[in-house]
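Work through the exercises below with the sequence and the model side by side. Try each task before reading its solution.

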Amino acid sequence: MSTLQASYCDQGQALLDQALPEAELARLIAAHLAACAECRQAEAVFQTLAMALRAASAPALPAAVEARLLSRLCSAD
Ligand SMILES: [Zn+2]
């Protein structure tokens, strides 16, 4: 398998690591993505993975939550 090359910058990762309410997290992430090309690229990769997950399983999660989960999975690899 090819290595997944996608990661948030330290600031973006710090946002994801906080135990924020989903709505607050989504708002902060959206604001950060608007200003950070590195995180926009990571988000695009995670969105693609999230769509694949969504196709395979029913429950829909907010994109930022999915990204946080996927980020954990990828960094644990
Ligand atoms: Zn960033």
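Helices and strands are DSSP runs, a helix having at least four residues and a strand at least two, and they are numbered from the N terminus. The model used here is predicted.

**Exercise 1. The overall fold**

Task: State how many helices and strands the protein chain has, and which pattern they follow along the sequence.

Solution.
Step 1. Count the elements: the chain has 4 helices and 0 strands.
Step 2. Write them in sequence order, which gives α-α-α-α.
Step 3. Add the burial figure: 17% of the 77 residues count as buried.
Step 4. Look at contacts with a separation of 6 or more: residues 24 or more positions apart account for 57% of them.

**Exercise 2. The two sides of α1**

Task: Find which residues of α1 are buried, and explain why they line one face of the helix.

Solution.
Step 1. Helix α1 covers residues 10-17, and its buried residues are Gly12, Leu15 and Leu16.
Step 2. Look down the axis of α1: these buried residues fall within an arc of 95°, so they line one face.
Step 3. Recall the geometry behind this: an α-helix has 3.6 residues a turn, so residues three or four places apart point the same way.
Step 4. Turn to the face directed away from the buried side, where the exposed residues Asp10, Gln11, Ala14 and Asp17 are found.

**Exercise 3. How α1 packs on α2**

Task: Decide whether α1 and α2 are roughly parallel or antiparallel, and list the residues that make their contact.

Solution.
Step 1. The axes of α1 and α2 (residues 22-35) come within 10 Å and cross at roughly 175°.
Step 2. Angles over 145 degrees count as roughly antiparallel, so α1 is roughly antiparallel to α2.
Step 3. From α1, the contact involves Gln11, Gly12 and Leu15, while α2 supplies Leu25, Leu28, Ile29 and His32.
Step 4. Sorted by type, the residues of this contact are 4 nonpolar, 3 polar and no charged.

**Exercise 4. The nonpolar core**

Task: Name the residues of the largest nonpolar core and the element that gives the most to this core.

Solution.
Step 1. The core has 10 residues: Tyr8, Leu15, Leu16, Ile29, Cys39, Ala42, Phe46, Ala50, Ala64 and Ala67.
Step 2. Two or more residues each come from α1, α3 (37-56) and α4.
Step 3. The most is given by α3, with 4 residues.
Step 4. Take one member of the core, Tyr8. Leaving out residues up to four places away in sequence, Tyr8 touches Gln13, Leu16, Cys39, Ala42 and Ser71.

**Exercise 5. Leucine 70 and leucine 49**

Task: Place leucine 70 and leucine 49 in their helices, and say why each counts as partly exposed.

Solution.
Step 1. Leucine 70 is in α4 (residues 63-76), and leucine 49 is in α3.
Step 2. A residue is buried at 20 or more C-beta neighbours within 10 Å and exposed at 12 or fewer. Leucine 70 is partly exposed because it has 19, and leucine 49 is partly exposed because it has 17.
Step 3. The two leucines are 21 residues apart in sequence, and their C-alpha atoms are 8.0 Å apart.
Step 4. Beyond its neighbours within four places in sequence, leucine 70 is in contact with Phe46, Leu49 and Ala50.

**Exercise 6. Arginine 40**

Task: Say where arginine 40 is found and why arginine 40 counts as partly exposed.

Solution.
Step 1. Arginine 40 belongs to helix α3.
Step 2. Arginine 40 counts as partly exposed because it has 14 C-beta neighbours inside 10 Å.
Step 3. From arginine 40 to serine 7 the C-alpha distance is 9.7 Å, with their positions 33 residues apart in sequence.

Methods
Residues are numbered from 1 along each chain as its sequence is written. This is a predicted model: local features need pLDDT of at least 70, side-chain atom pairs count only at pLDDT 80 or more; totals for chains, interfaces and linings use all residues. The arc is that of the directions from the helix axis to the C-beta atoms. Two residues are in contact if their C-beta atoms, placed from the backbone, lie within 7 Å. A nonpolar core is a set of buried Ala, Val, Leu, Ile, Met, Phe, Trp, Tyr and Cys residues joined through C-beta atoms within 7 Å. Axes are lines fitted to C-alpha atoms, for helices over the stretch in contact, and angles run from 0 to 180 degrees between N-to-C directions. Angles under 35 degrees count as roughly parallel, over 145 as roughly antiparallel, 65 to 115 as roughly perpendicular and the rest as oblique. Ala, Val, Leu, Ile, Met, Phe, Trp, Tyr, Cys and Pro count as nonpolar, Asp, Glu, Lys and Arg as charged, and the others, Gly among them, as polar.
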